[in-house]
Amino acid sequence: MILTILAAISFALFFVEVHQLHIKWKSNFKPFSCTSCLSAWVGLALYMFPDLFTNIVAVVFIPGVLAPIITKLMWNLWK
């Protein structure tokens with residue numbers, strides 16, 4: 001259950017905040033432009049799908065969200 005929540009949040013953060021694909025694709029409406037809305041819908045979908053989908057989304061998107069955060073922290077520590 002925790003993995004489903006983390007995967008949904010990281011999926012939404014990756015698309016809405018990191019890459020801002022809703023602006024690039026000109027789909028600036030909810031749930032695509034709202035992080036909490038998109039994560040709620042993705043969380044519901046991942047809850048309904050088999051665990052294989054949750055694991056794939058988690059493996060793909062959690063590192064994609066954590067990598068910029070850790071990179072920024074490393075740069076701040078090395079200054």
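Which residues of α3 are buried? In this predicted model, the buried residues of α3 are Leu38, Ser39, Val42, Gly43 and Leu46, and the sections below place them in the setting of the chain as a whole.

## Overall architecture

The secondary structure of the protein chain consists of 4 helices and 0 strands, which follow one another along the sequence in the pattern α-α-α-α. Taken along the principal axes, the C-alpha atoms fill a box of roughly 45 × 30 × 15 Å.

Of the 79 residues in the protein chain, 29% are buried, while the accessible surface comes to about 5,900 Å², with 75% of that area belonging to carbon and sulfur atoms. Among the contacts with a separation of 6 or more, 60% are between residues 24 or more positions apart.

## Helix α3 and its two sides

Helix α3 spans residues 35–48, 14 residues in total, and reaches 20 Å from its first C-alpha to its last, which is close to the 20 Å expected at 1.5 Å a residue. When the helix is seen down its axis, the buried residues of α3 fall within an arc of 135 degrees, so they line one face of the helix. As a general matter, an α-helix has 3.6 residues a turn, so residues three or four places apart point the same way.

The cover over the buried residues of α3 includes α1 (2–18) and α4 (51–78). On the other side of α3, by contrast, Ser36, Trp41, Tyr47 and Met48 are exposed.

## A nonpolar surface patch

Some of these exposed residues of α3 also take part in a surface feature: Met1, Ile2, Ile5, Leu6, Ile9, Trp41, Leu44, Tyr47 and Met48 form a nonpolar patch, with about 1,000 Å² of accessible area together. The elements that give two or more residues to this patch are α1 and α3.

## Two neighbours in helix α1

Ile5, one of the residues of the patch, is found in helix α1. With a relative accessible area of 44%, Ile5 is partly exposed, because this value lies between the cut-offs of 20% for buried and 50% for exposed.

Thr4 is likewise found in helix α1, but at 11% relative accessibility Thr4 counts as buried, because this value is under the 20% cut-off. Leaving aside residues up to four places away in sequence, Thr4 touches Gly43, Leu46, Tyr47 and Thr54. Among these partners, Gly43 and Leu46 belong to the buried residues of α3, whereas Tyr47 is exposed on the other side of that helix.

Conventions: Residues numbered from 1 in each chain as written. Predicted model: local features only at pLDDT ≥ 70, side-chain atom pairs only at ≥ 80, totals over all residues. Heavy atoms only, no water. Expected span 1.5 Å × (residues − 1). Buried < 20%, exposed > 50% of the residue type's maximum accessible area, 1.4 Å probe, protein only. Arc of directions from axis to C-beta. Contact = heavy atoms within 4.5 Å. Patch = residues over 30% accessible without salt bridge, like charges linked within 9 Å, V, L, I, M, F, W, Y side chains within 5 Å. Areas by Shrake-Rupley, 256 points an atom, 1.4 Å probe, with all protein chains shown as cover. Salt bridge = Lys/Arg side-chain N within 4 Å of Asp/Glu carboxyl O.
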